[in-house]
Amino acid sequence: MATLVEFSAMMPSSFAAKKPQELRLNQIQVIGTHNSYHSGMSPVAMTWLQRVAPKHAEELDYRHGDIKTQLDHGVRQLEIDIYVDREGDHFTHPRGPAWEQEEGLRPDAGDLPSPAMREQDFKVLHIVDIDQHSNCEPLRTCLGQIRDWSDAHPDHIPIFVLLETKQGKGDGSVPNHTFTAAEPFAPEDYDRLDYELRHVLMNKRLIVPDTVRGRFETLDEAVRSKNWPLLSQSRGKIVFLFDQKHDNVPYLLNHPALRGRVVFTNAEPGDADAAFVKRNNGPEADIRRLVTLGYLVRTRADEGTREGRSGDTAKRDAALRSGAQIVSTDYPWFEPARWSGYTVALPGQSAARCNPVDAPGDCDNASLVQ
């Protein structure tokens, strides 16, 4: 009589246990925070804004805890707004306090000139003159906090960092007030940004466009050919993404298809640099299509505090169903909206789950812990 071992060897291969298919970086879904650095406007600045532009004040009424706290609770996409300050002192004297005094208000000490604004570096703040409070400042400090957390959690799900370069005219949502204009980013500023990202985080921590392109001519070809790195190769790594399309032309200059660059552009499908696509407002079917094609997609679960106030979950639920790998919110599960309790989380408040659109059928959420 054949032994159990011999019997197993004689079994048709179709009966053999299948080895689970290994996930790739684009086959997970994570929760991110919108304007992750934003610690909120000062009470005085908010009172002023409620008087002069109440709708705008309503949209800006949110805040986040520090970067470490967000990462500790499972946030795996951070959004950081950056301003170039070539000479230093560009943002040292915000106009907000004078505007507050015109309304009979006494400026908050935090709205007055800050020594941190004097250096030549990339500043991190929301709206010049009226909303300059940040959880980390300047950019290199934010990067250092991400690096330190990553060092303490070496097997973490990759962290996506969305960079929004603020440029040109100041905020136009407040009538009859001229805001300090942001300096436009020049090609050399993008070079300096790449240097800072590599210098603080070092290449070993980064997943860059060249990592994904591999043997392909363009990023678009690579992602459509399923060339995102394996998740096992991506743990402990950081991926940088540009939020705005105005970065694309100057950032691609002398770097076709992002060769040698650090940050993935917000591109359009079919472009040579297309790997990451932003679709903040869907529609759901379009996001599903893009995810199926191989693109990394970011969408939003809520916006302008509307869902936080109403408690409406329709946009959130569609975003999670869509398969967008990054679903951004102002209200992660540990920071619920104070008006309605609205919040966004993955099952079990996990840092990641198997992507509902493109993950293989044998994917196990429990295997994604970290």
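**Notebook: strand β9, Thr165 and the disulfides**

I began with strand β8 (residues 296-300), which pairs with β9 in the parallel sense over three bridges. The model is a predicted one.

Entry 1, strand β9. I looked up the register against β8 and found Thr299 opposite Val327 in β9. I then turned to strand β1 (residues 28-33), which runs parallel to β9 and is joined to it by four bridges. For Gly32, I noted Ser328 as the bridge partner in β9. Next I asked myself: are the faces of strand β9 (residues 326-329) covered or not? I found both covered. Ile326 and Ser328 lie on one side and are buried; Val327 and Thr329 lie on the other and are buried as well. Ser328, the partner of Gly32, and Val327, which stands opposite Thr299, thus sit on opposite sides of β9.

Entry 2, Thr165. I located Thr165 in strand β4 (residues 159-165). Its relative accessibility is 1%, and I count a residue as buried when the value is under 20%, so Thr165 is entered as buried. Which side chains make polar contacts with the side chain of Thr165? I found the side chain of His246 at 2.9 Å and that of Asp247 at 2.5 Å. I also listed what Thr165 touches, leaving out residues up to four places away in sequence. The list holds Ile82, Phe185, Tyr190 and Phe242, and His246 and Asp247 appear in it too.

Entry 3, disulfides. How many disulfides does a search of the whole structure find? I recorded two. One is formed by Cys136 and Cys142, with the sulfur atoms 2.0 Å apart. I read a torsion of about 100° about the S-S bond of Cys136 and Cys142, so I entered this disulfide as right-handed. Both of its cysteines, Cys136 and Cys142, are buried.

Cys354 and Cys363 form a disulfide as well, and I noted 2.0 Å between their sulfur atoms. The torsion about the S-S bond of Cys354 and Cys363 is -85°, and I entered the link as left-handed. I looked up Cys354 and found a relative accessible area of 11%. With the cut-off for buried at under 20%, Cys354 therefore goes down as buried. Last, I counted the bonded cysteines along the chain and wrote down the pattern of the disulfides as 1-2, 3-4.

Definitions and conventions. Residues are numbered from 1 along each chain as its sequence is written. This is a predicted model: local features need pLDDT of at least 70, side-chain atom pairs count only at pLDDT 80 or more; totals for chains, interfaces and linings use all residues. Side-chain values use heavy atoms; hydrogens and water are left out. Buried means under 20% relative accessible area, exposed over 50%, partly exposed in between (1.4 Å probe, protein chains only). Two strands pair if DSSP finds at least two bridges between them. A polar contact is a pair of N or O atoms within 3.5 Å; within protein, one must be able to donate a hydrogen and the other to accept it, and residues adjacent in sequence count only if both atoms are side-chain atoms. Contact means heavy atoms within 4.5 Å. A disulfide is a pair of cysteine sulfur atoms within 2.5 Å.
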